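Biologist: Please choose one part of this model as a starting point and take a close look at it with me, then lead me from there to whatever else can be described with care. I am in my first year, so please name each part again as you go.

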Amino acid sequence: MSDRYLSLVNSPVGSSIASRVGLPRPVVLRRYTPGDPLLPGPALLGGAPASPGPSLRALLERAGASVVTSPQEGARYGALVFDARAVAAPSDLAAFPSFFSGTLRQLAPCGRVLVLGRAADGADVTVDAARQALDGIVRSLAKELKNGATANLLLVQDEASLASAVRFFLSGRSAYVDGQPVRLDAGTAPDPADWDRPLAGRTALVTGAARGIGRAIAEVLARDGAQVIVADLAAAGDALATVANAIGGTTLHLDVAAPDAPEKLIAHLRTHTAGLDILIHNAGITRDRLLANMSPEQWSSVLAVNLESQLRIDGALLGSPVLNERARVVCLSSTTGLSGNRGQTNYGATKAGVIGMVRASAALFAAHGDGTINAVAPGFIDTEMTARMPFATREVARRLSSLQQAGLPVDVAEAVAWLASPGAGGVNGQVLRVCGQNLVGA
Ligand SMILES: NC(=O)c1ccc[n+]([C@@H]2O[C@H](COP(=O)([O-])OP(=O)(O)OC[C@H]3O[C@@H](n4cnc5c(N)ncnc54)[C@H](O)[C@@H]3O)[C@@H](O)[C@H]2O)c1
C-alpha cells in the first residue's frame, strides 16, 4: 500500500501547502542500492574529551567515507561522527554542544549522526552517569533532526564489529533505524572478502517468505550473496515459488507451528545443504481482540506461530550438526513487544517473548561455534498485515515516528541482513528497533 501523503508532500504544490499549514513533511529516505557512495557528503569527525585517534578515521575511510576533522564553511556533511568513548564525567559532555551546534545545520538530507560510546558497567558511578547520558543525548537529538537524517549510538565494548556497524549505520541500509543504541561486544566478526556481498557462500533460510517482510528479507539476503531457502505454508506455494525464482533460491513448504516442523526442517537441510548459516524466524500472524473478548484459539494460534515455533526449532537446531559454526539467527519481534498495543495481548506476548528468548539464548548460540541470535523489532511497516488496518488509524500510525512515515519491508530486511552478516558477530542477544524512532513506547 503506497504512502500517498508522502508522495503529495514531496510534490512542489503539496510541499508548499504542507509548509504553509504546518503539516508533517516526511522526505523520501535514502535507501541502499549496491554501488552507492556510503554517504551523501564528507563525514566530519570529532570527539570528547579528546580528539579521536587515527584508527577511527582510517576505519571510516576504508568504509568509503571522505573524512574531515575540522568544520568547513559551506560544507554539506553526509555524517557527523562523534567519538565519546573517553567520556568519564558529566562535564565531558559539554563537548557535544561545542561540536554539534553549527555543524548540525550543515547536515545533508538523509545524513547520519553516529555517536560512539561505552556501555555503563557499574564500575564507577560518575563514569556510568556520563556514559548513560549519551543515550539521552542521542535519543533526543534523533527527535530534533529533519529531512530524513538519523542519529544512533554505538556502545563499543570491542572493535571486532565496528567496521560492519559503521557501514550499516552510515549507509542507506539503516534508513529507518533511528535513535537506537547498539552494543558491540567481542565476537568472531571477520571482514568479508567483498563488502557488497558479505553473505557470499552462506546458506540462509527465511520463514514466512512468500510475501511482505519475509519476501524482502529473502531478496536482500540473496542480493548480499546468500543462497536462500524460502519457507512458507503450502497454501502460499505459488507466491513462494515466485520469490524463489526471482532470487535464484529454493522453496520449502513448512508450517512452522506444526508439531513435526523442527524435524522436517532439519531433514530438508541435511538433504539439500552443507549446513545452515543463517536462520530468519519471520513467519508471524495476528488475531487481534481485546483480552476480554479473546478466544482460546485466537490466543493459542498466535503463541504457536510467533513464539513456540521459534523455541522448538532453535532447540532442535542447537542439538543438531546441521547448524554451522558462526550461525546467525534473527527473530522478528515488534515494537508492540516493547510498548504494548491495545487489542494485541496475544501478539504482544509473543513479540516480548521473542526478546526474552533471544536474550536467554545468546550464550547457547555463542557456545555453538560463535553463533549469535538477535531480534529485530519493526515499528509500523507498510505490508499486507498493516494494509488491513482502518484508514485513519493507518494514516496516524504512519506519522507517529521521528521520520514521519512508515518503514518499508526492505528497511527491516537490511537490518536483518546486517545482523546475519559475519561481521556482526559482536552483536548477540540484542533487540534492534527498525521503527523510524516510533514515538509510541520509544
Ligand atoms: N508489518 C509490520 O508493520 C510489522 C511490524 C512489526 C513486526 N512485524 C513482524 O514481521 C513479520 C512479517 O510480517 P509481515 O507484515 O510481512 O506479515 P505478512 O502477513 O504480510 O506475512 C507473513 C508470512 O508468514 C506466513 N506464515 C503465517 N503463518 C505461518 C506458518 N504457520 N508457517 C509458515 N509461514 C507462515 C504467511 O503465509 C505470510 O507469507 C511477522 O513476524 C510480524 O509479526 C511486522
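Modeller: Let us start at Pro-49, which lies in the loop between strand E1 (43-47) and helix H3 (54-62). What is the peptide bond from Ala-48 to Pro-49 like? In this model, which is predicted, that bond is cis, and its omega is near -5 degrees.

Strand E1, at one end of this loop, leads us on to the sheet. Six strands make up an open sheet in which the pairing is parallel, and their order is E2-E1-E3-E4-E5-E6. Strand E2 (67-68) and strand E6 (181-184) stand at the edges with a single partner strand each, so each of them has one side without a neighbour in the sheet. As a general point, the strands of a sheet pair through backbone hydrogen bonds, and the pairing can be parallel or antiparallel.

At the E6 edge, strand E5 (residues 150-156) runs parallel to E6 and is joined to E6 by four bridges, and Val-156 stands opposite Leu-184 in E6. Helix H5 (residues 125-144) lies across strand E4 (107-117), E5 and E6, and runs at about 160 degrees to E5. Strand E4 also holds Cys-110, whose phi is near 60 degrees, a positive value in a residue other than glycine.

From the sheet we can turn to the ligand. There are 26 residues surrounding the ligand, and the closest of them are Arg-211, Asp-232, Asn-282, Tyr-347 and Thr-383. Sorted by class, this shell has 13 nonpolar, nine polar and four charged residues. At least two shell residues come from each of helix H7 (212-223), helix H12 (345-367) and helix H13 (384-387).

Which atoms of the ligand, then, come up against N or O atoms of the protein? An N or O atom in the side chain of Arg-211 is 2.7 Å from an oxygen atom of the ligand, while an N or O atom in the side chain of Asp-255 is 2.8 Å from a nitrogen atom of the ligand. In the case of Asn-282, the backbone supplies the N or O atom, which lies 2.8 Å from an oxygen atom of the ligand. As for the ligand as a whole, the accessible area that the ligand has on its own is 840 Å², and the protein covers 93% of that area.

Key
Residues are numbered from 1 along each chain as its sequence is written. This is a predicted model: local features need pLDDT of at least 70, side-chain atom pairs count only at pLDDT 80 or more; totals for chains, interfaces and linings use all residues. Side-chain values use heavy atoms; hydrogens and water are left out. A residue is near a molecule or strand if one of its heavy atoms lies within 4 Å of it. A polar contact is a pair of N or O atoms within 3.5 Å; within protein, one must be able to donate a hydrogen and the other to accept it, and residues adjacent in sequence count only if both atoms are side-chain atoms. Accessible areas come from the Shrake-Rupley method with a 1.4 Å probe; for residues, only the protein chains shown count as cover. Ala, Val, Leu, Ile, Met, Phe, Trp, Tyr, Cys and Pro count as nonpolar, Asp, Glu, Lys and Arg as charged, and the others, Gly among them, as polar. Two strands pair if DSSP finds at least two bridges between them. Contact means heavy atoms within 4.5 Å. Axes are lines fitted to C-alpha atoms, for helices over the stretch in contact, and angles run from 0 to 180 degrees between N-to-C directions.
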